[in-house]
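Biologist: Could you zoom in on one part of this model for me, then work outwards from there? I'd like the details residue by residue, with the cut-offs spelled out.

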Amino acid sequence: MTELSAHTTFRVGGPARRFVEATSEDEICGVVKECDSRGEPLLILGGGSNVLIADEGFDGTVLKIATRGMEHNSEACYGVEVRVGAGETWDDFVAHCVAQQWSGPEAMSGIPGSVGASPIQNIGAYGAEVASLVQQVRTWDRRTGGIRTLFATDCDFGYRTSVFKQDPGRFVILRVTYQMPLGHMGQPIRYPELADALGVECGQRAEATRVREEVLRIRRGKGMVLDDEDRDSWSAGSFFMNPILTEEQAAALPEDAPRYPVGDRVKTSAAWLISSAGFPRGHAPGRRARLSSKHVLALTNHDGASAADIMDLAREVRDGVRARFGVTLTPEVNLIGLNL
């Protein structure tokens, strides 16, 4: 049996009863159809960067998406259209875009995982979201048993969500097509920390190569770039989402709590809530699972942690924040065989 710990950034997870690495769309669709026809549990795995799998493993087929390839058309008046295999590594794709002077994904440099996972979570960082780039997503629709292409308007993108997350398991992503403007300048900077690092005002632009360099520098300083030698990066990145609150809930927080308008609601900082509830960086010294020594949002496999160890820490943090502020943190990480 294949140990799933070898295929996740947490380095945690028990065995899969069956493990298949698919390198073509036909192979992906064939495995999915086979499992669905006999009612076998199926887990779709990309880069393994946003998942925590139980120590007992997965009693079914784990299908690792490993399709590659990029094709582009830069003759259209709106810029460039890029079709990318779901198994491509996201940061490799970003690096390629920056090198080709395709503007848009540079602020999302260093995010671990695969291209196919990018629309599921509507990944984002430093004020940028992949929803702004997605043109269409080619999928296998398990409900209808056929290929289906969803355009951006069909994807129901929201903060760290999409139709793919709202209807989990239905769509198997085969390919993502992005649309981006051409040019060496990145998109307007929307995040104060990044703007300060670049020496520009929010809303201004900087060269995409500089944006990528600064984002990677900032992320490394937070243990958010994968590094075998850095145990702070043995994680799934941000474990909890930034809460979206009603105005009444936001008003009940202390005056110095971060607040960002999101339509008729207010987003606050999960990291601020965690640290203000008494959980500093490196919390739980001596335990196998700890908060990162660089960033409180990351729960880490510091010393041979099990999934149970990480879940114990997650519950401790969630319960502490709820007791202090009345806000219940929601995991951003996909929990397989586990309940928070």
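Modeller: Let's start with the open sheet whose 3 strands come in the order 13-15-14, paired antiparallel. Here strands pair if DSSP finds at least two bridges between them. Strand 13 and strand 14 (260-262) are the edge strands, each with a single partner, so one side of each has no neighbour in the sheet. Strand 14 is joined to strand 15 (residues 265-267) by 3 bridges, and across that pairing valine 262 stands opposite arginine 265. Strands are DSSP runs of E of at least two residues and helices are runs of H or I of at least four, both numbered from the N terminus.

Before we go on, keep in mind that this is a predicted model, with residues numbered from 1 along each chain as its sequence is written. Local features need pLDDT of at least 70 and side-chain atom pairs count only at pLDDT 80 or more, totals for chains, interfaces and linings use all residues, and side-chain values use heavy atoms, with hydrogens and water left out.

Another antiparallel pair is strand 10 (residues 134-141) with strand 11 (residues 146-151), joined by 6 bridges. In this pair valine 137 faces leucine 150 in strand 11. The hairpin has 4 residues between its strands, and glycine 145 there takes a positive phi near 70 degrees.

Strands 10 and 11 turn up again around helix 1: what covers its buried residues includes both of them, along with strand 2 (15-22), strand 3, strand 5 (58-65) and strand 12 (171-180). The residues being covered are Ile28, Cys29, Val31, Val32 and Cys35, where buried means under 20% relative accessible area, exposed over 50% and partly exposed in between (1.4 Å probe, protein chains only). Seen down the axis, those buried residues fall within an arc of 160 degrees, so they line one face of helix 1; the arc is taken from the directions between the helix axis and the C-beta atoms. Asp26 and Ser37 are exposed on the face turned away from that buried side. The length checks out too: the 13 residues of helix 1 (residues 25-37) should span 18 Å, and the end C-alpha atoms are 18 Å apart. That expected span is 1.5 Å times one less than the number of residues. Just past the end of helix 1, glycine 39 has a positive phi of about 65 degrees.

Helix 5 passes the length check as well, with 14 residues expected to span 20 Å and end C-alpha atoms 20 Å apart. Its buried residues include Ala208, Val211, Val215, Leu216 and Ile218, and charged names such as Arg212, Glu214 and Arg219 are on the list too. The buried set packs against helix 2 (90-100), strand 8 (124-125) and helix 4, contact meaning heavy atoms within 4.5 Å. Glycine 223, just after helix 5, takes a positive phi of about 70 degrees.

Now for the charges. The whole structure has 25 salt bridges, each a side-chain nitrogen of Lys or Arg within 4 Å of a carboxyl oxygen of Asp or Glu. In one of them, glutamate 193 meets lysine 222 at 3.2 Å, N to O. Glutamate 193 sits in helix 4 (residues 192-198) and lysine 222 in the loop between helix 5 (208-221) and strand 13 (244-245), so the pair ties together parts 29 residues apart in sequence. Glutamate 193 is partly exposed at 32%, whereas lysine 222 is buried at 19%.

Aspartate 309 and arginine 288 make another salt bridge, at 2.7 Å from N to O. This one runs from helix 8 (residues 307-325) to the loop between helix 7 (270-276) and strand 16 (289-291), a separation of 21 residues. Arginine 288 is partly exposed, with 41% relative accessible area. Helix 8 also holds aspartate 312 and arginine 315, 3 residues apart and so separated by about one helical turn; their side chains meet at 3.4 Å, N to O. Both ends are partly exposed, aspartate 312 at 44% and arginine 315 at 27%. Beyond pairs, Asp141, Arg143, Arg148, Asp167 and Arg170 are linked in a salt-bridge network.

One last stop is asparagine 50, in the loop between strand 3 (42-45) and strand 4 (51-53). Its side chain reaches the backbone oxygen of glutamate 332 at 3.2 Å. Leaving out residues up to four places away in sequence, asparagine 50 touches Gln121, Ala236, Glu332, Val333 and Asn334.

Technical notes. Polar contact = N/O pair within 3.5 Å; in protein donor to acceptor, adjacent residues only side chain to side chain.
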